[in-house]
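Reader: Got a minute? I'd like to walk through a structure with you.
Author: Sure, pull it up.

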Amino acid sequence: MILEQITEQLTETLTSRVLTLFGHAVDRIVLQAPPRLAMGDLATPLCLELAKALKRKPRELAEAMVSGLQLPMFVQSVTVEGAGYLNFRFDRGAFTAAHISNVMAPGAATGERVIVEHTNINPNKAAHIGHLRNAVLGDTYVRCMKWLGHRVETQNYIDDTGVQVADVVVAFQHLEPKSLAEVRAMTEDPSVRFDYYCWDVYSKMAAYYAENPEAQQWRRDTLHAIEKHEGDTFEFASTIARAIVKRHIATMLRLGITYDLLPKESDIIALHFWDRAFELLKSSGAVIQETEGKHKDCWVMKLDESAEFEGMNEPDKILVRSNGTVTYTGKDIAYQLWKFGLLDRTFNFRKFSTYDDGHILWETTSGEGDSNAPRFGGAQKVVNVIDVRQSYLQKVVKEGVRQLGHAREAENSIHYSYEMVALTPATAKALGIDVSEEDSKKPYIEMSGRKGLGVKADDLIDALQSKAAESVREGSKREGLTDADVDQLGREIAVAALRYFMLKYGRNKVIAFDFNEALTFEGDSGPYLQYSTVRVENIFRKMAERGVESKLDPASLDALTLNEGLTDEMWELVRLSAELPSAIRRATDALELSIITHDLFVLAQKFNSFYHKYPILNEKDPAERQRRAVCADVFRQTMRATLGLLGIPVPERM
RNA sequence: GCGCCCAUAGCUCAGCUGGAUAGAGCGUCAGCCUCCGGAGCUGAAGGUCGUAGGUUCGAAUCCUACUGGGCGCACCA
């Protein structure tokens, strides 16, 4: 916050000075921390850029800029260094005193309504680690956006009438027949892990289709029956979908991931969202019916003239099949329009469940709604967290919104794309999966629900949890810990390890999943951040226990005292802490949350180094102890707040 | 074939809109617990930033071509 203010003021000052001195207008000024602390706290290569335009030597320009330059508050000095950089140094004490009461202060409310859609797992099988990447990215993004002051609504779309659910229905009706009552009993039996059970059922069904292609008629009939509510097929599908969605919600809750609303595809159909969207698309000419060629009788969106789709063999996208049924993309356009409040109708809502903290999870319904439901939808910005492989579909959705004349909403339709989580051949073999000779040469193997190939989310969390609990038991400081405490710690550490693992890679990197890497609690990991935080909390706890004066009340902070003795190591903790808010802004703008984990890791490293070098509890000089304690406190506050944004809990001890 | 993405230390990755001497983690080697908790700290070794051109005062970063790998290009989602 304070750093952002300084940067803003310096930008203004420098811009106007360049204008008055040289009559030159600059449109942006790069101000960043120089590579080494000795070079100062902020620097700009401004004069190097100016040199060319003004045909003068950079250092000469720099000298002219510097003399008599009015410096903002907290900036103590400016020097010319290197080839002509302007380097600014802060008043460390004053900055620290101002920062400590302002660490990670949340942004003011912006009033902007943002819908974030994430998770979106087909409700026909257990969640796997690829789904975890999606949910962790989405949830962390939501937490950051809320911190920045936006009003965020989290939606988890349920495709309860799609092919994948239909295939499980087909399996229960044909492959290993079970009555609706039997299936329902299974979903209510706590000893059955229904999502795991369906994982196998689904892959068996897929294998059966491969062997018996004629069986695909079952799928078509089932899809039709679901859509038309014929017999008990719709009941079958919704029973299965509902039971599995509950499992997914429970799995994600283990990681602290929650939702506000579950929009269901069946309701989009029942409430005729598509029919309305279709009318709009037809009347605007965005879709037309082909009368010849291979798309004869289909309604398609013509995209061959759009620059976005240039060069594609077959850019046109079919929204309505020749048999009159709607594709997923068609429904998705209708859903997207609703999210922006551009469809002249809405869902009804009812409670799905209530989280322990009282937060209500709502679902859509085409039946009677709850009049107490909040108003969902109608956002200014919509962010869809979806795998990069669906980029084309997301572009079509965006284009559909644009062709209906909603240019601004199209621009604010953001596809938060990320690469898949794949398995290394070694991991796949370790899971007992048959790996073909060809596949074992690849760097990684794509997971496939169809083939039943993947690591289930709950299995990974279980493995992390038991490994973490084991480490706690082996730890030296576990006296007085009950079994319940150990379990609790194991859970918290597992969450940290997993969420950090999913966030630390850039979103365009394929994660080739490796158990050893995911299970690491050392070095660049979530537990390292937790451990560092537990350490700093311990210091303050012990100070309180032993009655050591820590003098942290703002009134007693003396900027000069601080300034005199703040070493580079101490100052670096403060400055890195002050840089985090802008890092979070950059991270959300670029949809690159790894920036946050990286910066936080660097900060924790600095702290651990500081920790070993500067004891606090045993420091006899009160002024020196206070300086150290202030820096430790800055770190403590930063970690508490930022780990919260990452969804990583801070344990009592480890 | 067309489009998107990836290529940086032995391995896994950072490197923010082009800026100062390219950095971490893991692994390897050498050290550090009578001292706030060793899931930690200190140090060492380890690099032609895939290749070749180009733009620029300045390129891992931007442009072009190429090489290797991945993913898309359904009347599936």
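Author: We can take the sheet, then its helices, then the nonpolar cores. Keep in mind that this is a predicted model.

Reader: What's the strand order in the open sheet of 3 strands?
Author: β1-β3-β2, with antiparallel pairing.

Reader: Why is one side of β1 and of β2 left without a neighbour in the sheet?
Author: β1 (42-44) and β2 (75-81) are at the edges and have a single partner strand each, so one side of each stays unpaired in the sheet. On average, neighbouring strands are turned by 20° against each other, direction ignored.

Reader: How many bridges between β2 and β3?
Author: 6 bridges, antiparallel, with β3 covering residues 85-90. Glu-81 sits opposite Tyr-85 of β3.

Reader: Which strands does helix α1 touch?
Author: β1, β2 and β3. Helix α1 spans residues 2-22, and its direction makes about 140° with that of β3.

Reader: And where does helix α3 lie?
Author: Across β2 and β3. Helix α3 (residues 58-66) runs at about 160° to β2.

Reader: Switching to cores. Which residues touch the most other members of the largest one?
Author: Leu-86, Phe-88, Phe-95 and Ile-129, in a core of 132 residues. Helix α19 (residues 483-503) gives the largest share, 12 residues. Domain 1 (2-90) and domain 2 (456-654) each supply at least three residues.

Reader: What does Phe-88 touch?
Author: Leaving out residues up to four places away in sequence, its contacts include Leu-10, Leu-14, Leu-42, Val-75 and Val-78.

Reader: Which residues are in the other core?
Author: That core has 33 residues and lies apart from the largest one; among them are Met-301, Ile-333, Phe-347 and Phe-349.

Notes: Residues numbered from 1 in each chain as written. Chains lettered and ligands numbered in written order. Predicted model: local features only at pLDDT ≥ 70, side-chain atom pairs only at ≥ 80, totals over all residues. Heavy atoms only, no water. Pairing = 2+ DSSP bridges. Helix = DSSP H or I, 4+ residues; strand = E, 2+ residues; numbered from the N terminus. Axes fitted to C-alpha atoms, helices over the stretch in contact; angles between N-to-C directions. Contact = heavy atoms within 4.5 Å. Core = buried A, V, L, I, M, F, W, Y, C linked by side-chain atoms within 4.5 Å. Buried < 20%, exposed > 50% of the residue type's maximum accessible area, 1.4 Å probe, protein only. Domains from an automatic or database assignment.
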